[in-house]
Amino acid sequence: RSSDLVEDWKGPLTTSLFFAGVLVGSFISGQLSDRFGRKPVLFATMAVQTGFSFIQAFSTSWEMFTVLFFIAGVGQISNYVAAFILGLNMLSIAMTLVGKFGITAAFSIVYVYTAELYPTVIRNMGVGIGSMSSRVGSVISPYFVYLGHYYELLPYILMGTLTVAVGILTLFLPETYGKPLPETVEQAQRVRIFNCRTRHHGSKNEKSDHILKSTPL
């Protein structure tokens, strides 16, 4: 009976020691990754976990098995943390490249699209005002970085919010592809939103005239 009780506590203790190794690995893996690099630590800890897990199969005693299991736990969580950090770095680089691509493409298109929105009589002035406004933004944008002293993500939130807001507002602009460019201000105002307003006011005035005509004096 007493020997059975001794054997009963070995199983849970083995599992506890494994997770103790996971705990130790959680503390040291980040420090090792920052000191030696992500990839060296990742491959080293993968080798530790694989090697000691293989040696476990040839354990000659419970003590030996437990020690190897502890080291395998250290290696397991360490390569997980290193892989997670490495993946975040790669994801961050990929997202940065995609954002850079979008910004460059939008910057190339905005001059052509802006010129097509303005009528000929004020096109030069309109494009010039837009270019001047963008230069003002270029002057003040470096100071956005200092907002990070108040909150680390505040510069990213501000720039991202402005970009999304501009993208949404651009959806309300008329399409100019394959259409003749406006020559006068009146032609530029003949877009859908102005036409809707004109028809709306016209129909309202026509309705008012009809009511006045049908009202007996």
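Buried means under 20% relative accessible area, exposed means over 50%, and partly exposed lies in between. The exercises below use a predicted model.

**Exercise 1. Classify the ring pair F107 and Y111, and place both residues by burial.**

Solution.
- Step 1: take the ring geometry. The centres are 5.5 Å apart and the planes stand at 80°.
- Step 2: apply the cut-offs. Centres within 6.5 Å make a pair, and planes over 60 degrees apart count as edge-to-face. The F107 and Y111 pair is therefore edge-to-face.
- Step 3: locate the pair. Both residues sit in helix 3, 4 residues apart, or about one helical turn.
- Step 4: check burial. F107 has 46% relative accessibility, so it counts as partly exposed. Y111, with a relative accessible area of 33%, is partly exposed.

**Exercise 2. Determine how the rings of F18 and F69 are arranged, and which parts of the chain they tie together.**

Solution.
- Step 1: start from the total. The count comes to 6 aromatic pairs.
- Step 2: examine this pair. The ring centres of F18 and F69 are 4.5 Å apart, with planes at 25°, so the pair is stacked.
- Step 3: assign the elements. F18 belongs to helix 1 (residues 2-36) and F69 to helix 3 (residues 62-117), so the pair ties together parts that are 51 residues apart in sequence.
- Step 4: compare accessibility with the cut-offs. F18 is buried at 14%. F69 is partly exposed at 23%.
- Step 5: widen the view. F18, F19, F65 and F69 form one aromatic cluster.

**Exercise 3. Describe the surroundings of T45 and F52 in helix 2.**

Solution.
- Step 1: fix the location. Helix 2 covers residues 38-56 and holds F52. T45 lies in helix 2 too.
- Step 2: assign burial. T45 has a relative accessible area of 9%, so it is buried. F52 has 25%, so it is partly exposed.
- Step 3: list contacts, leaving out residues up to four places away in sequence. T45 touches G75, S78 and N79. F52 is in contact with L68 and I71.
- Step 4: add distances. The T45 side chain reaches the backbone oxygen of L42 at 3.0 Å. The C-alpha atoms of F52 and L68 are 5.8 Å apart, although 16 residues separate them along the chain.

**Exercise 4. Place V136 in its helix and in its surface patch.**

Solution.
- Step 1: V136 is in helix 4 (residues 123-140).
- Step 2: its relative accessible area is 46%, so V136 is partly exposed.
- Step 3: V136 helps make a nonpolar surface patch of about 960 Å². The other members are M125, I129, M132, V139, I140, Y143, V145 and Y146.

Technical notes
Residues numbered from 1 in each chain as written. Predicted model: local features only at pLDDT ≥ 70, side-chain atom pairs only at ≥ 80, totals over all residues. Heavy atoms only, no water. Helix = DSSP H or I, 4+ residues; strand = E, 2+ residues; numbered from the N terminus. Buried < 20%, exposed > 50% of the residue type's maximum accessible area, 1.4 Å probe, protein only. Contact = heavy atoms within 4.5 Å. Polar contact = N/O pair within 3.5 Å; in protein donor to acceptor, adjacent residues only side chain to side chain. Patch = residues over 30% accessible without salt bridge, like charges linked within 9 Å, V, L, I, M, F, W, Y side chains within 5 Å. Areas by Shrake-Rupley, 256 points an atom, 1.4 Å probe, with all protein chains shown as cover. Salt bridge = Lys/Arg side-chain N within 4 Å of Asp/Glu carboxyl O. Phe/Tyr/Trp six-rings, centres within 6.5 Å; stacked < 30°, edge-to-face > 60°.
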